[in-house]
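Visitor: I would like to learn how to read the features of a protein model with some care. Could we take them one at a time, with the general idea ahead of the case?

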Amino acid sequence: MASSVPGKTPLKSARSLLKDEKLKELVQGSQYLSGTGEKKSFNHQTVLKESDDLMRSLFFSIVQETSGTEFFDSLKEVYALSEKFHNTHAEEDFEAIATRLATLSNEETLLITSAFSNVLNLHNVSEHVASAMEERHARLDDIPRGPAKTTNGAIKGLMAKGVSLDEIYKHICEQEVDLVLTAHPTQALRRSMLRNFGKIRANLLDLQRQRLSNYERAELLESLRYAIQAAWRTDEIRRNPPTPQDEMRGGLSYFSDTIFAGLPKFMRRVDTALINQGLPRLPLDKSIMRFSSWMGGDRDGNPFVTAVCTRDVTYLARITAVNLYFSAIQNILFSLSMWRCTDKLKQRVHAIVKAHDADTVYEERRRRNYSDFSHFIPEAEPYRVILAEVRDKLYNTREALAGVIAGRAVDLDPHDDSIFREKDDLMEPLLACYESLVEVGDAPVADGYLLDLIRQVNCFGLCLVKLDIRQESDRHADAVDAITRHCGLGSYLEWDEEKKIAFLVGELEGKRPLISPALECSADVREVLDTCKMIGHLQRVCPGSLGTYVISMTTHASDVLAVVLLQRECGGDPNKLLRVAPLFERLDDLRDGPAQLKRLFSVPWYHKHIDGFQEVMIGYSDSGKDAGRMAAAWALYEGQENATKVGDEFGVKLTLFHGRGGTVGRGGGPSHLAIMSQPPATINGRLRVTVQGEVIEQNFGEHENCFHTLDMYTAATLEHSLNPPTSPVDHWRGVMSTMSDVSCARYRSVVFDTPEFILYFNQATPSQELGSLNIGSRPAKRKGNAAVTALRAIPWIFAWTQSRFHLPVWLGMAEAFQALKDDGKLPVLREMYQTWPFFRVTMDLIEMVLAKADPKVAAYYEKVLVEPELHAFGKGLREALERTIDIVLEITEHPNLLTPQTSDGGQHTALAQKLSMRSCYLTPLNIIQVAKLKALREIEAGEAVAAAAGTSYVPNANMQWAKEMLSLHPSKDYYHAAVSDTLVITMKGIAAGMQNTG
């Protein structure tokens, strides 16, 4: 029909839409979206509902106009059936959805999948907007919030608890939070889609904050509609996997968009909080926040992260930083127009002016096409003279970096004095200007844009983010083994730990070269050596660009010493080697980690080498996959306590690096709660934590949320350091030990010791099909076998999240809790929940995941996809889920999941409402995913029915747009394309709806 062909129906403008009574009611009758200006009152749920209703109304009008009335009626019918099911939870209503979906053509199914996926992403935008507005209203004191969620609140709270102002100031000046952005493949959305959703978010915020005329409101709605339609019309499937360089570009965009500008704004707020208490502002040379990255540095199991890749991303980060500083200097040149300065600065300016020919400078600056101040600046404008020279040097630096990135130059010239190489080189002229302004009485001017720029340079340096290097311990051992064999010393791999340490320490204390140019080794060993050589090279040409060398799967002290030795032997400056951090991530390694640290610190050479500081990383992901969530959580807690004690024993200050993912199964959850539930005396003002995948967008995709992230981390770190949480009493430790042992034994018996499990997992989840998402450069498995041990933690969690089973989070808990209950420990468990932050946070996060689980949906995956012989096994797992829910409610004393026994319901009830808003879109996506998994597996198995469908299938001529979408698939087989693309979009949609991938 004509109406179903895109472009045949003229699209309505927002002005005409305002005449639509329903839309008019949504906007003009709205409390927050009417364009009448910012309100003093705030209700999160109302903002969320109004934003959601408006976007859904606009989106469905777009769908109807672009895809036709017939399809739109099918879409509404599926939604109505799903809404009915979520009101009744009746089996027949679930089957009604499945039956209706089965009648749709492949094209209709594809479009419905895309529509529901888009709606769930738009709902996420609504939540981001509501969170941003809540943060703003809280800062305006329109609504209350917990005292430690802002730095100002933390300071006031600590004062109320008797902590002195001097102690508070000392700690906040000394503390440092380092947020490490990683390329873990958990962001399912393409950057193109993220950009569109960012525009939608900005439009919604403008509707809420600004007072608008009718025309302005109409134009804003029109802009909102355009952005929604752009997202709907964009291919949401990433057709090729990103390279590590692509991942770095994506990560760097957040600095350009929010972080670079947000950092000085946040630090000004901290200054204000301190000044209000009669304290000085933060010192000029201090940054309480740092940023690092793993993008292009994390080579653990990723063959695409090579030494050359690491060089590329280092230069990409550096040129991004230089571009940001160049723009900042361009702006500040206007501000510092004053003529008064100190004699010291006058002399410096006079020397600059005398050293250059005015005409030559003018011609060169004109050639560079500077926006302003191309002329030779006179001595009467001293600050502009100095800043113009800084701008020239930044330009030179940018050109040199661009030449290397584009391949016009082999590398940076280490002897080129016309470029910036060290952070201090850029900082020095800025400080000279600042000190002069203060000395001549222009301190308010100095404390304007110039102070902001100084703080940006202090935080970001010339590298913007420090790049960490990560590699697996076995790879280093193989490299040392190749060296010892070549030198005729025998096989390093066959030596015991004592012999390894003796050899490594002996070489570190000596000076003989170990690596011969004639060394014969495998490609893997060569890559390890090339990486270490690249580290040394980058330390020379781009000093300060690299951060920590993280060793994954660390098991022994020798793993650390080996990396130190390899760095030195590959040309690293012995005085500038990267700090090396062991990563303890499996249960046994977490428990044994403190003993290995003690062995390491007992080596005199190493103890002197680290000079009293050691970084230790703890892994939340692999520990959960190895032992289950509860056993991992307790091992992480005790591991931190014991590692800190070892550090205290040897006079070593530990910085604990928390490798947390976005999901609860990988240590995720609200960051403030996570920090405040850590063991006492384990943070002490020093915190590193990963920010992964979709969490980067949640934390830094919008200015208010960026500010809140910086404020929250700073506040929580300060609060934990000066007012640590409750320590567990001895009988609580006994309960946790029992809980850990029982839950771990049950988890491992099912996951690793039951032959049916891996078969069930592969059949009942899309674990084998996740690679088609192309959401990361890293392969899903470390090694090419089918075992769970080879699977990475992210796809492990992702697969169970897709089927709404969430098994890794809760498996083993029912048995552990029941054993404790049978032993009369239920009152103790309730006491722990009420009074111990660690246990309460752990239980609340588990409860949240259980609320997201849906046994009916999980059973449907089993019914359609799993061979009948495994159904009894699956039924047992679902019964364990139900038992877990029952006993968790018994411990928390909540009548239902996410429903506390409080008058207002609190945060839990709000989350329950959010999940309910998503559920009507999620269930159809799950049903469609099951059908397409079945069809794709039949195609790949070469079954006759699927093959026949593929050769005879002809796309629906009345759905031209869907046919065009299918043509984007690399397969020329339309049936295969329809099945594959629909499946991928269900994965993205469910990930958006669950707000979790891995």
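Guide: Let us begin with terms: contact means heavy atoms within 4.5 Å, and axes are lines fitted to C-alpha atoms, for helices over the stretch in contact, with angles running from 0 to 180 degrees between N-to-C directions. Helices (H or I, at least four residues) and strands (E, at least two) are DSSP runs, numbered from the N terminus. This is a predicted model, in which local features need pLDDT of at least 70 and side-chain atom pairs count only at pLDDT 80 or more, while totals for chains, interfaces and linings use all residues. Residues are numbered from 1 along each chain as its sequence is written, and side-chain values use heavy atoms, with hydrogens and water left out.

Visitor: Across which strands does helix α18 lie?

Guide: Helix α18 (residues 473-486) lies across β3 (466-472) and β4 (546-552), and runs at about 75° to β3.

Visitor: How should I read the pairing of strands, and what do β1 to β8 form?

Guide: Strands of a sheet pair through backbone hydrogen bonds, either parallel or antiparallel; here two strands count as paired if DSSP finds at least two bridges between them. In this model eight strands, in the order β1-β2-β3-β4-β5-β6-β7-β8, make a closed barrel with parallel pairing. Neighbouring strands of this sheet are turned by 25° against each other on average, direction ignored.

Visitor: Which strands are joined to β1 by bridges?

Guide: Strand β8 (residues 686-692) runs parallel to β1 and is joined to it by seven bridges, with T182 standing opposite Q692. Five bridges join β1 to the parallel strand β2 (residues 289-293), where R290 is the bridge partner of D178. Taking buried as under 20% relative accessible area, exposed as over 50% and partly exposed as in between (1.4 Å probe, protein chains only), six of the seven residues of β1 (residues 176-182) are buried.

Visitor: How many disulfides does the structure hold?

Guide: A disulfide is a covalent bond between the sulfur atoms of two cysteines, assigned here when the pair of sulfur atoms lies within 2.5 Å. The structure holds zero disulfides; for C341, the nearest cysteine sulfur, that of C433, is 9.1 Å away. The sulfur of C570 is 4.7 Å from the closest cysteine sulfur, in C532, which is too far for a bond. C570 counts as buried because its relative accessibility is 9%, and C341 likewise counts as buried, at 8%.
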